[in-house]
Amino acid sequence: MASQPLRIQNNPSKIAESSVKLEMKLLSPFLLVLCLFTACKGPSPSQSSSPLSQSASSANGMVSTAHPLASRAGIAMLEKGGNAIDAAVAAGFALAVVEPSMSGLGGRLQAILMESDGSVHGVDATTQAPMDYDPETAPKGRYGYPTIGIPGVVAGLCKLNQEYGTLPLAEVIAPAIQYAEQGFELLSGEAFRQQLAHDQLMEFDGSRQYFLNGDSSRKAGDLWVQKDLAQTLRQIKQFGREAFYSGEIAQKIVADVQANGGVLSMEALAQYEAKDARILEGSYHGLGLHGLHLPSFGAITIEILHILENLPMKDLHGNQWANAVNHAIAMAYEDRPRQSDEEVLELLLSKEYAAELAQHIDLDTNRMQAVTSQEFPPSWAAPWAHTTHLTATDKMGNVIALTQTIGPNMGSKVATPGLGFLYAVTLGGYLGDFQPGQRAASHISPFIITKDKKPYLVLGAAGGSRIVPAVAAVSTRVIDHQLSLEEALAAPRVHPVEDSIFLETTPGEGWQEEVISDLKAKGFLIKEISDAARFGRVHAVLYDEKSGQWIGAADPDWEGVAGGPLLKE
């Protein structure tokens, strides 16, 4: 059958109003909302007519991702009888093809999942410095070959498939191969991000070959075929993770990286493994909180919600809500460097510590300084969004939140000729200093909130240091304000930066002028951020007990969509 164009339906009036304002002001580097108004064409991994939109519902499971074709790939697995983990792995591989500025085979991954029996598991597949890495002699840089560490995405997706999936790897990777082989129309957000990195991509042979059209960046709507990436994915399909870490792909990686000043070796790749991640727990008004320990920032997400539990969040709106959430984030973010100490970790997760911190929050005035000017890695203060997140559930009750990234936009800007994918930035200082064998810690925070020990809200976010605040903000909007999931994702957010509070003022979705004026009157130093996608992008699923439906929603600041499978009852 001929592939059919995938068209995304959404709220036309809201999108049109926001899009026109953004286009006129040229504020957003992504022009993301415009993408929801255009057709997204590409080969469909199934011939299902399952509807996709910013918000959707289904009793048979749900997939919410940052790209329509990735959502399609995940839904196709559910329609084939696969579970939520199958859907997530298929979507993860698909995102590596259709959204390479945000993630890819050369990147890192963190995931948390809950099986239908209530057991919670985590996967740590973040990038890593080789065991023989010498931080004293290693070159520094923000991009290029010396920043490349050992990739983890392939190991992580294969581990999820092997240990928790039900469909064979060949089945779940098939949509990604199809997208790469047959091509798809480039969305405007992805095209713009590739254009932003044009000059850096020009520096490397492989990057010019795959991510430029001659000397020019591709444009929105261009048909993009990636034959070499399709072949790389076929080798993974045939030989599994070994193809990437010890086979022909590994040989090409090492030869290219070593020839250009990088530090990878065949031994380093062969030694890498995706690990079981440590689960951290907390509670919020009787609901269970489940996140991942380092290298994920689940502890900080839990700490923020523990602080907010001491405040009358149900009654806080406008400037008081913004004040409370801003201060809770600022307090918890002071603890980021201390998470690796076991005694300190126990303190950070304690209700007593949270209650003590909450006493210092004055809802009527700004009586505390926000985040101090500690020596943080550059990635902790990066102003632009990166990373991608997806969430999937199934009719059996399995759920998964999965975040993957290549670091800043277009990662290291390096692609190896013959392979077709970009590597993440790991080494060189962007994520901080590394020791031999150390794994890359980041603000990634896939999260599961349970009710009566069953999944209630499953979410995560993209957006660098804005990830944790976005997860916390959406959680309190849903739990305390009882907003619908779509409303919670669209509601304005805050972020503390040094002695200021950054307020989201995106046209159509940002804070009202009244709230801004009230905060200024209370002594806050305000910075209004009207660019889209600067406060994290959340893709989430909520279980509605009354209807027995999974409600999925995609962040309105991005190109993603949610949808459920069409299954015969």
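Which residue forms a salt bridge with R208, and how far apart are the closest N and O atoms? Select R208 and D205: they are the two partners, with the closest N and O atoms 2.4 Å apart. A salt bridge here is a side-chain nitrogen of Lys or Arg within 4 Å of a carboxyl oxygen of Asp or Glu.

Before moving on, a word on what you have open. This is a predicted model, in which local features need pLDDT of at least 70 and side-chain atom pairs count only at pLDDT 80 or more, while totals for chains, interfaces and linings use all residues. Residues are numbered from 1 along each chain as its sequence is written, and side-chain values use heavy atoms, with hydrogens and water left out.

**Stop 1: salt bridges**

Stay with R208 and D205 for a moment. Both sit in helix 10 (residues 205–211), three residues apart, about one turn of the helix. Helices (H or I, at least four residues) and strands (E, at least two) are DSSP runs, numbered from the N terminus. An α-helix has 3.6 residues a turn, so residues three or four places apart point the same way.

Now colour by accessibility if your viewer can do that. Buried means under 20% relative accessible area, exposed over 50%, and partly exposed in between (1.4 Å probe, protein chains only). R208 is partly exposed at 28%, and D205 is exposed at 51%.

Next, pick R338 and D335, whose side chains meet in a salt bridge at 2.7 Å, N to O. R338 is partly exposed, with a relative accessible area of 34%, whereas D335 is buried at 4%.

Then try K451 and E545, another salt bridge, at 3.1 Å from N to O. This pair links distant parts of the chain, 94 residues apart: K451 is in strand 14, and E545 is in the loop between strand 20 (537–544) and strand 21 (549–554). K451 is partly exposed, at 33% relative accessible area.

For a group view, select E99, E190, R193 and E559, which are joined into one network by salt bridges that share partners. The structure holds 18 salt bridges.

**Stop 2: aromatic rings**

Show the rings of F244, Y245, Y272, F421 and Y423, which form one aromatic cluster. Rings of Phe, Tyr and Trp (its six-membered ring) pair if their centres lie within 6.5 Å; planes under 30 degrees apart count as stacked, over 60 as edge-to-face and the rest as tilted. The count by this rule is 10 aromatic pairs.

Zoom in on Y245 and Y272: their ring centres are 5.7 Å apart and their planes at 10°, so the pair is stacked. Y245 lies in helix 12 (residues 241–245) and Y272 in the loop between helix 14 (266–271) and strand 9 (275–276), so the pair ties together parts that are 27 residues apart in sequence. Y245 and Y272 are both buried.

Swing over to F421 and Y423. With centres 5.3 Å apart and planes at 70°, this pair is edge-to-face. F421 and Y423 are buried too.

Add R241, which lies over the face of Y245, at 4.4 Å from the ring centre. The rule for a charge over a ring is that NZ of Lys or CZ of Arg is within 6 Å of the ring centre and within 35 degrees of the ring normal. R477 lies over the face of W321 in this way, at 3.7 Å from the ring centre.

**Stop 3: helix 3**

Select residues 68–79. Helix 3 has 12 residues. How many of them are buried? The count is 11 of 12, so mostly covered is a fair description. Among the buried ones are P68, R72 and L78. Just after helix 3, look for G81, which takes a positive phi of about 100°.

**Stop 4: backbone oddities**

Most residues other than glycine have a negative phi, and most peptide bonds are trans. Go to K413, in the loop between strand 13 (399–405) and strand 14 (447–451). Phi of K413 is near 70°, a positive value in a residue other than glycine, and K413 is buried at 9% relative accessible area.

K453 also has a positive phi, about 65°, although it is not a glycine. Find K453 in the loop between strand 14 and strand 15 (454–459), where it is exposed at 73% relative accessibility.

Last pick: L294 and P295. The peptide bond from L294 to P295 is cis, with omega near 15°, and P295 lies in the loop between strand 11 (287–292) and helix 15 (298–308).

Notes
The expected span of a helix is 1.5 Å times one less than its number of residues.
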